[in-house]
Amino acid sequence: MTDTSPPFQILAIDGGGIRGMFAAAVLAHLEKDLETSIANHFDLITGTSTGAIIALGLGMGLRPAEILEFYFTHGLAIFPLGFQGHLRSLLHWGFRKHDPGPLQRALRECFGDRLLGHSSKRIVIPTFNMDGNDVRLFKTAHHERLRRDHKIPVWQIAMATTAAPTYLPGFLGIDRQWLVDGGVWANNPTMVGLTEATGVLGIPFESVSILNIGTLSNLPKHSRFLITGGKIPWARHIADLLTSAQGTSVVNQARLILGEERVIRIDSSIPDGLLSLDRFAPDDLISRASRDSQHVTPIIAEKLIPHTAPTFVPCHATKGGAQ
């Protein structure tokens, strides 16, 4: 029996701090090369941490070039360089590295009073609830049982999912829950999107295609000393190792489920220490995005652009806002 279900396309964007500029620039290049609004071709968008800022921006109707401008405008205020940056690096051993104030001001300036319910796309944003020791997903009302999250301001969700441990403090602004960066469990949210599509929305696996955009993976040279090393020698390496390993395993899982040809990942490896999560280096990020997007544009044009996602109508809208 031939499956006649329409295509269902997911855009999944990794976490990675200021390296989100790479993902935003990739999307901006794709839009320009393909002469389209890239969000129109996806039925669901998910993003973690900096990827969530991009996902939420797309849901609010921003174009990738506008989101990229957000990073240019606010990046140095959020992640300062110079003496202030060096001082924060020293204090980082005992305290969170960055002040959340500049990020909060930037997000409020960008999103204003808009709520998640104003999104024109289905959105899923991962965070982690430290009080409950459990995952916390913020979702648009794309299923009748989703009755609460659409009322939450977008900037608050963005603050929660970007609260990277040791870099930014946990966020307490949503029902006083202690929320931290979704990257602690889903830095690559590809499986979050796939699970939402198939498990919640009931989309057949055969209909799903995914575009996953990374934020550049470190390619470290691990010292053999780590074989027997303790907390101190491992401290510098563990975050990058877990993020890189998770990203690779998630994509491999999705490809095993859906097939190699229906999971496209755009990312590249960089030398260890070249571009940290909070090092503002726009020239390096933009040039890599230009190169990587050029290689994959013909594939995107062939496999994803022919599908235009139907207009998303949230459940609360169909019930007259009763939820």
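This briefing describes the cores, aromatic pairs, helix packing, salt bridges and a surface patch of one structure. The model is predicted. Its largest nonpolar core has 62 residues, and a second, separate core has 15. A search of the whole structure returns two aromatic pairs, and seven salt bridges are present.

**Nonpolar cores**

- In soluble globular proteins, nonpolar side chains tend to be buried together.
- Within the 62-residue core, the members that touch the most other members are Leu-11, Ile-54, Leu-56, Tyr-71, Leu-107, Leu-211 and Ile-300.
- Helix H1, spanning residues 20-34, gives the most to this core, with nine residues.
- Tyr-71 is buried, at a relative accessible area of 4%. Apart from neighbours within four places in sequence, Tyr-71 has contacts that include Gly-17, Ile-18, Gly-20, Met-21 and Ala-24. Thr-50, Ile-53, Ile-54 and Phe-280 are also in contact with Tyr-71.
- The second core, of 15 residues, is separate from the largest one, and Leu-44, Val-124, Ile-203 and Val-208 are among its members.

**Aromatic pairs**

- Phe-70 and Tyr-71 form an edge-to-face pair, with 5.7 Å from centre to centre and 85 degrees between the planes. Phe-70 is buried at 8% relative accessibility, and Tyr-71 is likewise buried, at 4%.
- The ring centres of Trp-155 and Phe-171 lie 6.2 Å apart; their planes stand at 75 degrees, so this pair is edge-to-face.
- Trp-155 belongs to helix H6 and Phe-171 to the loop between H6 and E5, so the pair ties together parts that are 16 residues apart in sequence.
- Trp-155 counts as buried because its relative accessibility of 8% is under 20%. Phe-171, with a relative accessible area of 9%, is buried too.

**Packing of helix H5**

- Helix H5 covers residues 101-111, and its buried residues are Gly-101, Pro-102, Leu-103, Ala-106, Leu-107 and Phe-111.
- The cover over these buried residues includes helix H2 (50-59), helix H3 (64-78) and H6.
- Gly-112, just after H5, adopts a positive phi of about 60 degrees.

**Salt bridges**

- Arg-63 and Glu-31 form a salt bridge in which the closest N and O atoms are 3.0 Å apart. This pair links distant parts of the chain, since Arg-63 sits in the loop between H2 and H3 and Glu-31 in helix H1, 32 residues apart. Arg-63 is partly exposed at 36% relative accessible area, whereas Glu-31 is buried at 9%.
- Glu-260 and Arg-255 meet through their side chains in a salt bridge of 3.8 Å, N to O. Here Glu-260 is exposed, with a relative accessible area of 55%, and Arg-255 is partly exposed, at 22%.
- Asp-292 and Arg-291 form a salt bridge with an N to O distance of 3.0 Å. Asp-292 is buried at 10% relative accessible area, while Arg-291 is partly exposed at 39%.
- A network of salt bridges links Asp-14, Arg-265 and Asp-267.

**Nonpolar surface patch**

- Met-130, Leu-172 and Trp-178 make a nonpolar surface patch of about 260 Å².
- Leu-172 is located in the loop between helix H6 (154-161) and strand E5 (179-181).
- Leu-172 counts as partly exposed because its relative accessibility of 36% falls between the 20% limit for buried and the 50% limit for exposed.

Notes: Residues numbered from 1 in each chain as written. Predicted model: local features only at pLDDT ≥ 70, side-chain atom pairs only at ≥ 80, totals over all residues. Heavy atoms only, no water. Patch = residues over 30% accessible without salt bridge, like charges linked within 9 Å, V, L, I, M, F, W, Y side chains within 5 Å. Areas by Shrake-Rupley, 256 points an atom, 1.4 Å probe, with all protein chains shown as cover. Salt bridge = Lys/Arg side-chain N within 4 Å of Asp/Glu carboxyl O. Helix = DSSP H or I, 4+ residues; strand = E, 2+ residues; numbered from the N terminus. Buried < 20%, exposed > 50% of the residue type's maximum accessible area, 1.4 Å probe, protein only. Core = buried A, V, L, I, M, F, W, Y, C linked by side-chain atoms within 4.5 Å. Contact = heavy atoms within 4.5 Å. Phe/Tyr/Trp six-rings, centres within 6.5 Å; stacked < 30°, edge-to-face > 60°.
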